[in-house]
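Take a look at the model below. This report covers its nonpolar core and its ring contacts.

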Amino acid sequence: QHVVVDKAMQKRDDFRNRVSQIQSNEKNFAAQIAQMEDTAKTMIDSVQLKRITDQETMMKTNLVNFKSQEQDQANALLDADTALRREQEALDNIQA
């Protein structure tokens, strides 16, 4: 039963790390988007402006995808937490 609890804990920790990594990616992308928006405001060259605008659009799309992934991983984390608690309770009952 200890092995089952350890596996459940590892799974929970993996989901927690994934959520953290996605949140970090979101922050980085948001900062890059803000920088691109500032750069686009001062652009004179239409070719460069188009390139920056296209990159900004792509980054915004990726940011939306990250938010969706974050929600999925957060739900999986909640499920993993529940499973871990269930396994810990089973272990406690065995040991009692």
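In this predicted model, the largest nonpolar core has nine residues. They are Ile22, Phe29, Ile33, Met36, Ala40, Ile52, Met59, Leu63 and Phe66. Two helices, H1 (2–41) and H2 (46–95), each supply at least two of these residues. H1 gives the largest share, with five residues.

Leu63 is one member of this core. Which residues does Leu63 touch, leaving out those up to four places away in sequence? Leu63 touches Glu26, Phe29 and Ile33. Of these, Phe29 and Ile33 are listed in the core too.

Now for the rings. How many aromatic pairs does a search of the whole structure find? The search finds one. The partners are Phe29 and Phe66, with ring centres 4.9 Å apart. Their planes meet at 85°, so the pair is edge-to-face; the cut-off for that label is over 60 degrees. Phe29 belongs to helix H1 and Phe66 to helix H2, so the pair ties together parts that are 37 residues apart in sequence.

Are these two rings' residues buried or exposed? Buried means under 20% relative accessible area. The table gives the values.

| Residue | Relative accessible area | Status |
|---|---|---|
| Phe29 | 17% | buried |
| Phe66 | 14% | buried |

Both values fall under 20%, so Phe29 and Phe66 count as buried.

One more ring contact involves a charge. The charged end of Arg18 sits over the ring of Phe15. Its distance from the ring centre is 4.8 Å.

Definitions and conventions. Residues are numbered from 1 along each chain as its sequence is written. This is a predicted model: local features need pLDDT of at least 70, side-chain atom pairs count only at pLDDT 80 or more; totals for chains, interfaces and linings use all residues. Side-chain values use heavy atoms; hydrogens and water are left out. A nonpolar core is a set of buried Ala, Val, Leu, Ile, Met, Phe, Trp, Tyr and Cys residues joined through side-chain atoms within 4.5 Å. Buried means under 20% relative accessible area, exposed over 50%, partly exposed in between (1.4 Å probe, protein chains only). Helices (H or I, at least four residues) and strands (E, at least two) are DSSP runs, numbered from the N terminus. Contact means heavy atoms within 4.5 Å. Rings of Phe, Tyr and Trp (its six-membered ring) pair if their centres lie within 6.5 Å; planes under 30 degrees apart count as stacked, over 60 as edge-to-face and the rest as tilted. A charge sits over a ring if NZ of Lys or CZ of Arg is within 6 Å of the ring centre and within 35 degrees of the ring normal.
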